[in-house]
Amino acid sequence: ATGVAILLMGKHKVDFQRNLDLGDYVEIAHVDKLKFTGKKMEQRAYFSYSGYPGGLKTKKWQELYQQNPGKLFRQVVYRMLPKNKLRVGMIKRLTFKD
């Protein structure tokens with residue numbers, strides 16, 4: 001995922017500039033065959049909070065991976081990209097091949 005984030009940002013290029021979106025398109029094949037080290041699948045979780053009491057929802061990586069492995073991988077890469085206006089354009093260049 002870190003390699004994909006670097007390609008999307010364009011950090012591998014000689015003319016890299018942080019304020020310009022010069023990254024490449026990245027296509028991932030066989031996303032359902034990803035391997036995770038350690039106990040990430042059981043221990044890591046994503047949280048969403050609605051703002052209301054009792055509104056905290058938790059999903060473990062294992063549940064997300066079984067439902068849609070591409071969506072999990074997209075979330076992992078999305079959180080590695082810089083938190084600015086260019087992030088949306090960068091993540092749009094990430095596609096999955098069936």
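**The bridge between Ser48 and Lys57.** Ser48 has Lys57 as its bridge partner in strand E3. The model shown is predicted; local features need pLDDT of at least 70 and side-chain atom pairs count only at pLDDT 80 or more, whereas totals for chains, interfaces and linings use all residues. Residues are numbered from 1 along each chain as its sequence is written, and side-chain values use heavy atoms, with hydrogens and water left out. Strands E2 (residues 45–49) and E3 (residues 56–60) are antiparallel and pair over five bridges. Two strands are said to pair if DSSP finds at least two bridges between them. Six residues separate E2 from E3 in this hairpin, and in the turn Gly51 has a positive phi of about 100 degrees.

**Strand E1 and its two faces.** In a regular strand the side chains alternate between the two faces of the sheet. Along E1 (residues 26–29), Val26 and Ile28 point to one face and are buried. Glu27 and Ala29 point to the other face and are not buried. Buried means under 20% relative accessible area, exposed means over 50%, and partly exposed lies in between (1.4 Å probe, protein chains only). E1 runs parallel to strand E4 (residues 94–97), and four bridges join the two. Opposite Val26 in E4 stands Leu94.

**Arg93, in the loop before E4.** Arg93 is found between helix H5 and strand E4. Is Arg93 buried or exposed? Arg93 counts as buried because its relative accessibility is 9%. Its side chain reaches the backbone oxygen of Asp24 at 3.3 Å. This is a polar contact, that is, a pair of N or O atoms within 3.5 Å; within protein, one atom must be able to donate a hydrogen and the other to accept it, and residues adjacent in sequence count only if both atoms are side-chain atoms. Apart from neighbours within four places in sequence, the residues in contact with Arg93 include Leu8, Asp21, Gly23 and Tyr25. Contact here means heavy atoms within 4.5 Å.

**Arg18, in the loop between H1 and E1.** Arg18 follows helix H1 (2–9) in the loop that leads to E1. Arg18 counts as exposed because its relative accessible area is 64%. Which residues does Arg18 contact, leaving aside its neighbours within four places in sequence? They are Lys11 and Leu86. Arg18 and Leu86 are 68 residues apart in sequence, with their C-alpha atoms 9.5 Å apart in space.

**Asn84, in the loop between H4 and H5.** Asn84 lies between helix H4 (69–80) and helix H5 (87–92). Asn84 counts as partly exposed because its relative accessible area is 38%. A polar atom of the Asn84 side chain lies 3.0 Å from the backbone nitrogen of Leu86. From Asn84 to Tyr46 the distance is 21 Å, C-alpha to C-alpha, and the two are 38 residues apart in sequence.

**The chain around these views.** The protein chain has five helices and four strands, in the order α-β-α-β-β-α-α-α-β. Helices (H or I, at least four residues) and strands (E, at least two) are DSSP runs, numbered from the N terminus. Of the 98 residues, 28% are buried. The C-alpha trace spans about 45 × 35 × 25 Å along its principal axes.
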